[in-house]
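Colleague: Could you take me through this one before I set anything up? I would like to start with how the helices pack.

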Amino acid sequence: MRKKGVLLSTLILGLALTACGDIRNLNDLKEAIGLTSDSSGGDAAQEESTDAESLPASQEYVSSDGSYQVIMLEGFTQTEAPVLAGSDVMMLENDSDRKGFGSFCVKTPKSNVSGNPGSMESLEDYADYIANLLMKGSGITADWTDADAPAAEGALGCLARESVVKHGTTRGQAYGYYLETENSYYSVFVIGNDDDVEDAKQVIALEILDETSAQGGTKDFLNGMTAVLDAANGASLRETYHALKEGGADESTLESLASQAQESLSSSWGIENTAALMETADSLINGMHNPDALKLLEEYGGLGETDRDAFDAKLTGQNLDQGTYISLLAAYDAWAAYGESAIAAWDLSRVGTIMGFGYASGYCTYEEALDKTLEAALKAKELFGSWEDFNQSYLYGYSYWAEESLTDPESSAGERAELVRDMESQVNGPFALGWDIELTKEW
């Protein structure tokens, strides 16, 4: 793997672990961050200067969506990867003056934290989470201590942590700055040799520009369609694999992801080649489970029944097992709300998922994956009038398929319903983008 992109690859792999299983044999991160030999065992921290004229040269790096900017050492190359809808990783790398130094910023809506970890209740939890993602599997050890955190306008809280990091007999430094707003978590993380990290600490700042600046492109709409499953799984595999490939990940890493994607498609969908992938995607676009749900509903006298209580009573008197009973009520609620479109969003939402797995599997190109997902998005816009309608149809479909009640907080269906509510409430969440935007091929 080229040094450029190693930190990005490491972080993205961490974000994707819950989606694709545990990935072993990560490259030795010490080669990427410039850890130096520690013959004395002491710290080589420099004294911080309070003289503005002696501060290292810095510049502003503005996120692609205009929602925030990072103040960092000047001369870095900025790269961004949309790991999840509404979430991205901004990498700042320099191949010349500061060899091996790496920095990144992660922006994450609170409703859409990668992997949707239920234990995340504070900024401290988020800081633990980000540090663990980077260090996990790298062989690097760190003993974090709190540091002075610069205040930031519009933040509910700020936190800074620093550590000497070690790998065997080599050492370096790491520093993390974390910020929380009402809607999001942000982090700026730097790692490398002592001098570079100390320079960075003197100038690092994170400024919130406009959290309501919604992402506005077709790809953002496509990401919104798979946002719930991507959040539950940990990442968008399509975007994860693409970012790794473009960032120069080694072949063993890509092959590991491809193998896991192939296994998932085979075991869950019976897809083992390009023809099967495209056939399944077309089936979902044209209606795979939706017609079955309507047919089952008709068999039990639900189609045309205008009184839900009466239909419920009819089902109760038939000695049905609980799963069938829940599925039928979900199908009825979907039909009552959306007619023949019923649970069509459940089918359409998964086109992007299987095409992403198909891309990682080598069954289609990145462009072909986006093309087919765009077909599903255009169909969704024909059938539904808003994200709220699309999401509710999706939830009815999940309840029908999983045979779980959306009102049961202990069930996966109940968890999905809560996740959708959280995402819909976020001003910078995946559904902040207008449903009525024009969808065009922009890749």
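**Helix packing and buried residues**

Modeller: Helices α9 and α14 are roughly parallel to each other, because their axes cross at roughly 15 degrees, and an angle under 35 degrees counts as roughly parallel. Please keep in mind throughout that this is a predicted model.

Colleague: How close do the axes of α9 and α14 come, and which residues does each helix span?

Modeller: The axes come within 9 Å, with α9 covering residues 274-286 and α14 covering residues 366-383. The crossing of this pair is right-handed.

Colleague: Which residues meet there, and how do they divide by class?

Modeller: From α9 the residues are M278, A281, D282, I285 and N286, and they meet E368, K372, E375, A376 and K379 of α14. In this contact of α9 with α14, 5 residues are charged, 4 are nonpolar and 1 is polar.

Colleague: And α13, is it roughly parallel or antiparallel to α9?

Modeller: With α13, which is residues 344-361, the angle is about 165 degrees and the axes lie 8 Å apart, and since over 145 degrees counts as roughly antiparallel, α9 and α13 are therefore roughly antiparallel to each other. Their crossing is left-handed. On the α9 side the contact is made by L277, M278, T280, A281, L284 and I285, and on the α13 side by D347, L348, R350, V351, I354, M355 and G358. By class, that contact of α9 with α13 has 9 nonpolar residues, together with 2 polar and 2 charged ones.

Colleague: Switching topic, how many disulfides are there?

Modeller: The count comes to 0 disulfides, taking a pair of cysteine sulfur atoms within 2.5 Å as the criterion.

Colleague: Are C105 and C364 buried or exposed?

Modeller: C105 is buried, because its relative accessibility is 2%, and C364 is buried as well, with a relative accessible area of 8%; the cut-off for buried is under 20%.

Colleague: What about D333, where does it sit and what is it in contact with?

Modeller: D333 belongs to helix α12, residues 322-338, and it counts as buried because its relative accessibility is 17%. Setting aside neighbours within four places in sequence, D333 is in contact with R308 and Y396.

Colleague: Last one, what does the whole chain look like in numbers?

Modeller: The protein chain has 16 helices and 12 strands, and 55% of its 443 residues count as buried. Among contacts in the chain with a separation of 6 or more, 67% are between residues 24 or more positions apart.

Technical notes: Residues numbered from 1 in each chain as written. Predicted model: local features only at pLDDT ≥ 70, side-chain atom pairs only at ≥ 80, totals over all residues. Heavy atoms only, no water. Axes fitted to C-alpha atoms, helices over the stretch in contact; angles between N-to-C directions. Helix = DSSP H or I, 4+ residues; strand = E, 2+ residues; numbered from the N terminus. Parallel < 35°, antiparallel > 145°, perpendicular 65-115°, else oblique. Left-handed = near helix turned anticlockwise from the far one by under 90°. Contact = heavy atoms within 4.5 Å. Nonpolar A, V, L, I, M, F, W, Y, C, P; charged D, E, K, R; others polar. Buried < 20%, exposed > 50% of the residue type's maximum accessible area, 1.4 Å probe, protein only.
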